[in-house]
Amino acid sequence: MPVHAAIAESESGVNPLQSDPVGFRNRCARRIEQERVWVVVRDGRLVFKADVQSESDQVAYLEGIYVAPEDSRAMGLA
């Protein structure tokens with residue numbers, strides 16, 4: 001949740017954990033329950049996160065993409 005909130009704040013200037021903490025937590029929980037959040041955790045550390053906003057047989061729309069800075073450099077992304 002903190003990573004997703006930081007992404008939202010960087011895009012909108014508003015931190016949802018501060019502006020609507022209960023609603024934001026509920027929306028995050030709902031996405032997790034719907035299996036629409038994908039994460040990679042390595043040694044207890046979040047390495048990658050992506051949220052599936054919508055999908056069809058042909059395409060999926062992802063948002064909230066996060067790659068840990070140290071891993072993005074290792075992959076040549078930063």
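Five elements, α1 (2-12), α3 (21-33), β1 (37-42), β2 (45-55) and β3 (60-67), each put at least two residues into the lining of the largest pocket. This is a predicted model, so treat what follows as a tour of computed features. The protein chain has four helices and three strands, and from the N terminus the order reads α-α-α-β-β-β-α. Below, the notes go from the pocket to the strands, then to one strand residue, and on to the charged pairs.

**The pocket**

- The volume of the largest pocket comes out at about 430 Å³.
- Its lining counts 23 residues, and the ones nearest the centre of the pocket are H4, F24, C28, R31 and D51.
- Helix α3 gives the largest share of that lining, with seven residues.
- Sorted by class, the lining of the largest pocket holds twelve nonpolar, eight charged and three polar residues.
- Two of the residues nearest the centre, R31 and D51, turn up again further down, where their side chains meet in a salt bridge.

**The strands**

- β1 and β2 run antiparallel to each other and are paired over six bridges.
- Two cross-strand partners help you find your way along this pair: V39 sits opposite K49 in β2, and W38 has A50 in β2 as its bridge partner.
- The hairpin of β1 and β2 has two residues between the strands, and D43 there has a positive phi near 55°.
- β2 also pairs with β3, again in the antiparallel sense and over six bridges.
- On that side, S54 has Y61 in β3 as its bridge partner.
- The hairpin that joins β2 to β3 does so through four residues.

**A look at V40**

- V40 belongs to strand β1.
- Is V40 buried or exposed? It falls in between: V40 has a relative accessible area of 36%, so it counts as partly exposed.
- Setting aside neighbours within four places in sequence, the contacts of V40 are R45, L46, V47 and F48.
- From V40 to A50 it is ten residues in sequence, and their C-alpha atoms lie 9.4 Å apart in space.

**Charged pairs**

- How many salt bridges does a search of the whole structure find? The search turns up four.
- As background, side chains of opposite charge can pair when their charged atoms come close.
- R27 and D20 make one of these salt bridges, with 3.2 Å between the closest N and O atoms.
- Both partners in that pair are partly exposed: R27 has a relative accessible area of 37%, and D20 has 32%.
- D51 and R31 form a salt bridge through their side chains, at 2.8 Å from N to O.
- That pair ties together distant parts of the chain, since D51 is in strand β2 and R31 is in helix α3, 20 residues apart.
- D51 also meets K49 in a salt bridge, at 2.5 Å from N to O.
- Through shared partners, the salt bridges join R31, K49, D51 and E63 into one network.
- Why do D51, R31 and K49 count as buried? The cut-off is under 20% relative accessible area, and D51 has 3%, R31 has 16% and K49 has 6%, so each of them is buried.

**The chain as a whole**

- Of the 78 residues in the protein chain, 23% are counted as buried.
- Among contacts in the protein chain with a separation of 6 or more, 23% are between residues 24 or more positions apart.

Key: Residues are numbered from 1 along each chain as its sequence is written. This is a predicted model: local features need pLDDT of at least 70, side-chain atom pairs count only at pLDDT 80 or more; totals for chains, interfaces and linings use all residues. Side-chain values use heavy atoms; hydrogens and water are left out. On a 1 Å grid over the protein atoms alone, a cavity is a set of points where a 1.4 Å probe fits but cannot get out, and a pocket is an open set with protein on both sides within 12 Å along at least five of seven lines; lining residues have an atom within 4 Å of a point. Grid points are joined across faces, edges and corners, and a volume is the space filled by probe spheres set on the points. Ala, Val, Leu, Ile, Met, Phe, Trp, Tyr, Cys and Pro count as nonpolar, Asp, Glu, Lys and Arg as charged, and the others, Gly among them, as polar. Two strands pair if DSSP finds at least two bridges between them. Buried means under 20% relative accessible area, exposed over 50%, partly exposed in between (1.4 Å probe, protein chains only). Contact means heavy atoms within 4.5 Å.
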